Amino acid sequence: MKMKQTRIVLIGFRGAGKTSLARRLGKKLDWQLFSTDRMIADAVGMPIAKYVAQNGWEDFRGVERKVIASLPLDVHGVIDCGGGVIENKANMFLLRQNSLIVWVDADIETIFHRLSRSADRPLLSQPDLSRDIEENYRRRQPLYEKYSDMRVDASTNDADTLCQMVIEAKRD
Ligand code: S3P
């Protein structure tokens, strides 16, 4: 018998729309919402951008791993992950337990448009936004694909449709 899916895990590039979909799913299913970015910011006591500026990405990934390991398995939950969660295999092994893993995808233009309006995300590896997106988006697409059970396209579907697609795919 297949395990019940008590958790919906949202992965995908920054700016693809994971957080708004997570909130909507949480409300609709009446499931608890977990935002790993929020949990990280709470754990380090400062915004992520400030923490990364002071300590670097490696330390951030360490805190992220601890946060992922602390997520409960026995709670009905929607888990909104930071875009880089797939950089670590162990994270994905933990997240896979009892979960439907959804890749929230969007095209690169949509991502660029959204990220250029938000000032609070630190650049990952390149000194300007378009190069940063270009490099990391292309590198990560195969990882999102590899670790997900399904992909939803957030550039071409409205919020209600996305929500419906995920709920229909989930095993009870
Ligand atoms: C990151 C994405 C961010 C946050 C951190 C690193 C990444 O989350 O975890 O800045 O590596 O793509 P969002 O995807 O919610 O922006």
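Hi everyone. Let's begin with the largest pocket: 35 residues line it, and T19, D37, I48, D120 and R121 are the ones nearest its centre. Please keep in mind that we are looking at a predicted model.

How much space lies in this largest pocket? About 830 Å³.

Now, which parts of the chain build the lining? Helix α1 (18–29), strand β2 (32–35), and helices α2 (36–44), α3 (48–69) and α5 (108–116) each supply at least two residues. The largest share comes from α3, with six residues. If you have the structure open, follow α3 from 48 to 69 as we go on.

What sort of residues are these? Sorted by class, the lining of the largest pocket has 13 nonpolar, ten polar and twelve charged residues.

So much for the walls; next comes the guest. The ligand takes up the space of this largest pocket. How many residues surround the ligand? There are 14, and the closest are K18, D37, R61, R121 and R140. You have met two of those names already: D37 and R121 are also among the residues nearest the centre of the pocket.

Helix α3 comes back here too, giving the largest share of the shell around the ligand, four residues. By class, that shell has five nonpolar, three polar and six charged residues.

Let's zoom in on a few atoms. Start with K18, where a polar side-chain atom lies 2.7 Å from an oxygen atom of the ligand. Then look at R121: an N or O atom in its side chain is 2.7 Å from a ligand oxygen. What about G84? Here a polar atom of the backbone is 3.4 Å from an oxygen atom of the ligand.

How much of the ligand's accessible area does the protein cover? On its own, the ligand has 390 Å² of accessible area, and the protein covers 96% of it.

To wrap up, here is the picture to take home: a ligand sits in the largest pocket, with 14 residues around it, and α3 gives the largest share of that shell. Thanks for listening!

Definitions and conventions: Residues numbered from 1 in each chain as written. Predicted model: local features only at pLDDT ≥ 70, side-chain atom pairs only at ≥ 80, totals over all residues. Heavy atoms only, no water. 1 Å grid on protein atoms, 1.4 Å probe; cavity = no way out; pocket = protein on both sides within 12 Å on 5 of 7 lines; lining within 4 Å. Points joined across faces, edges and corners; volume = space filled by probe spheres on them. Nonpolar A, V, L, I, M, F, W, Y, C, P; charged D, E, K, R; others polar. Near = heavy atom within 4 Å. Polar contact = N/O pair within 3.5 Å; in protein donor to acceptor, adjacent residues only side chain to side chain. Areas by Shrake-Rupley, 256 points an atom, 1.4 Å probe, with all protein chains shown as cover. Sits in = over half its atoms within 2 Å of the grid points.
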